[in-house]
Amino acid sequence: MHNRSVNFARWELLVIDCPDPWALSGFYEQLLDMRVIEEGDRWVIIGGSDRKPAVAFQRADDYQPPEWPDPDHPQHMRIDVKVGDLDSAQAQLVALGATVLPGRGDTYRVLADPVGHPFCICL
């Protein structure tokens, strides 16, 4: 383990491929309490401000969703989100368009966003 900090780099974006960047960014705006900070003709970036790490959604014309937990169909990405109550958070996310996936424990649940990217809600 390294004890020194790397000062020349910082996390800028998590880029997520998807079929419709505007629809998927709306889901994550609500999930992560972020807002649109930049957009183009094939992408949208959301964040808390333009000085903090952000999440970008990029149109992939031939997008194929992952299949959880099949290792032959990679996840493409996963984000873990801290919540106060698993049942309440799960219900709210399903109402926003998430799908419950197999995989859960006492401190986490696995869901998929509206286009199939798996993510976890964790205590």
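Two strands count as paired when DSSP finds at least two bridges between them. With that in hand, the predicted model can be read sheet by sheet.

Take the sheet that holds β5 and β8. It is an open sheet of 4 strands, in the order β5-β8-β7-β6, and its pairing is mixed. β5 and β6 (99-104) sit at the edges, each pairing on one side only. From one strand to the next, the twist averages 30 degrees. β5 and β8 run in the parallel sense and share 4 bridges. Lysine 82 is a handy place to see this pairing, as its bridge partner is cysteine 122 in β8. Helix α1 packs on this sheet, where it touches β5 and β8, and its direction makes about 35 degrees with that of β5. The helix α2 lies across β6, β7 (108-112) and β8, and it runs at about 5 degrees to β7.

There is another open sheet to look at, again of 4 strands, with the order β1-β4-β3-β2 and mixed pairing. Here β1 and β2 (35-39) are the edge strands; each has a single partner strand, so one side of each has no neighbour in the sheet. The twist in this sheet averages 25 degrees from strand to strand. β1 and β4 pair in the parallel sense, over 6 bridges. Within that pairing, cysteine 18 has arginine 59 of β4 as its bridge partner.

What about the inside? In soluble globular proteins, nonpolar side chains tend to be buried together. In this model, the largest nonpolar core has 21 residues, and the members that touch the most others are Phe27, Tyr28, Leu31, Phe57, Leu93, Phe119 and Ile121. Two or more residues each come from β1 (13-18), α1 (21-32), β3 (43-47), β4 (54-59), β5 (79-82), α2 (86-96) and β8 (118-122). Helix α1 gives the largest share, 4 residues.

Leucine 31 gives a closer view of how the core is put together. Apart from neighbours within four places in sequence, leucine 31 is in contact with Val81, Leu93 and Phe119. Of these partners, Leu93 and Phe119 are also on the list of core residues that touch the most other members.

A second core, separate from the one just described, has 5 residues, among them Leu101, Val110, Ala112 and Cys122. Cys122 has already come up, as the bridge partner of lysine 82.

How values were computed
Residues numbered from 1 in each chain as written. Predicted model: local features only at pLDDT ≥ 70, side-chain atom pairs only at ≥ 80, totals over all residues. Heavy atoms only, no water. Core = buried A, V, L, I, M, F, W, Y, C linked by side-chain atoms within 4.5 Å. Buried < 20%, exposed > 50% of the residue type's maximum accessible area, 1.4 Å probe, protein only. Contact = heavy atoms within 4.5 Å. Axes fitted to C-alpha atoms, helices over the stretch in contact; angles between N-to-C directions.
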